[in-house]
Amino acid sequence: MSTDSEPLEVWCAGSEWCPITTTATLIGKKWHPVVIHRLLENGPLGFNALKEEVDGISGKVQSDVLEDLEEHGFIDRTVVSEKPFRVEYSLTDRGRSLEPVIIAMRDWGREHLTAPEDQ
């Protein structure tokens with residue numbers, strides 16, 4: 001398991017584009033940037049509160065996303081109470097460092113994408 005402070009390994013060493021590809025692999029999955037964005041916007045959230053903020057994600061997929069983000073040091077999972085069992089998810093320094101990337105993705109999308117016609 002990676003910690004927030006140790007660098008993540010680039011998986012395709014030797015090429016100038018490798019850091020781009022590795023970063024895209026880590027945060028470019030469908031729900032990863034959405035979860036990071038919602039935590040940036042709202043601060044720490046419990047599982048159900050986060051699910052409400054991420055419209056359309058299933059509980060299983062959200063659980064997998066949170067596990068992956070935690071494994072790579074982007075979020076922390078903290079047990080808030082034992083009875084009833086409740087956890088809270090928050091961004092680590094590494095996760096918060098993605099803010100300019102996530103905001104740039106949002107801004108690019110606002111400028112270059114249109115909503116589906118049925119909405």
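**Reading a three-stranded sheet**

Modeller: The protein exposes about 8000 Å², and carbon and sulfur atoms supply 52% of this area; accessible areas come from the Shrake-Rupley method with a 1.4 Å probe, and for residues only the protein chains shown count as cover. This is a predicted model, in which local features need pLDDT of at least 70 and side-chain atom pairs count only at pLDDT 80 or more, while totals for chains, interfaces and linings use all residues. Residues are numbered from 1 along each chain as its sequence is written, and side-chain values use heavy atoms, with hydrogens and water left out.

Biologist: What percentage of the residues of the protein count as buried?

Modeller: Buried means under 20% relative accessible area (1.4 Å probe, protein chains only). Of the 119 residues of the protein, 32% meet that criterion.

Biologist: Which pattern does the protein follow along the sequence?

Modeller: Helices (H or I, at least four residues) and strands (E, at least two) are DSSP runs, numbered from the N terminus. The protein has six helices and three strands, in the pattern α-α-β-α-α-β-β-α-α. Along the principal axes, its C-alpha atoms fill a box of roughly 50 × 45 × 25 Å.

Biologist: In what order do the three strands form the sheet?

Modeller: Strands of a sheet pair through backbone hydrogen bonds, either parallel or antiparallel. Two strands are taken to pair if DSSP finds at least two bridges between them. Here the sheet is open, with the order β1-β3-β2 and antiparallel pairing. Since β1 (45-46) and β2 (75-82) stand at the edges with a single partner strand each, one side of each is left without a neighbour in the sheet.

Biologist: How many bridges join β2 to β3, and how many join β1 to β3?

Modeller: Seven bridges join β2 to β3 (residues 85-91), and a hairpin connects these two strands through two residues. V79 stands opposite V87 in β3, and R77 has Y89 of β3 as its bridge partner. Two bridges join β1 to β3, where L45 stands opposite Y89. Y89 thus appears opposite L45 and as the bridge partner of R77.

Biologist: Which helix lies across the three strands?

Modeller: Helix α2 (residues 32-42) lies across β1, β2 and β3, running at about 90 degrees to β3. Axes are lines fitted to C-alpha atoms, for helices over the stretch in contact (heavy atoms within 4.5 Å), and angles run from 0 to 180 degrees between N-to-C directions.

Biologist: What share of the contacts in the protein with a separation of 6 or more comes from residues 24 or more positions apart?

Modeller: Such residues account for 47% of those contacts.

How values were computed:
Buried means under 20% relative accessible area, exposed over 50%, partly exposed in between (1.4 Å probe, protein chains only).
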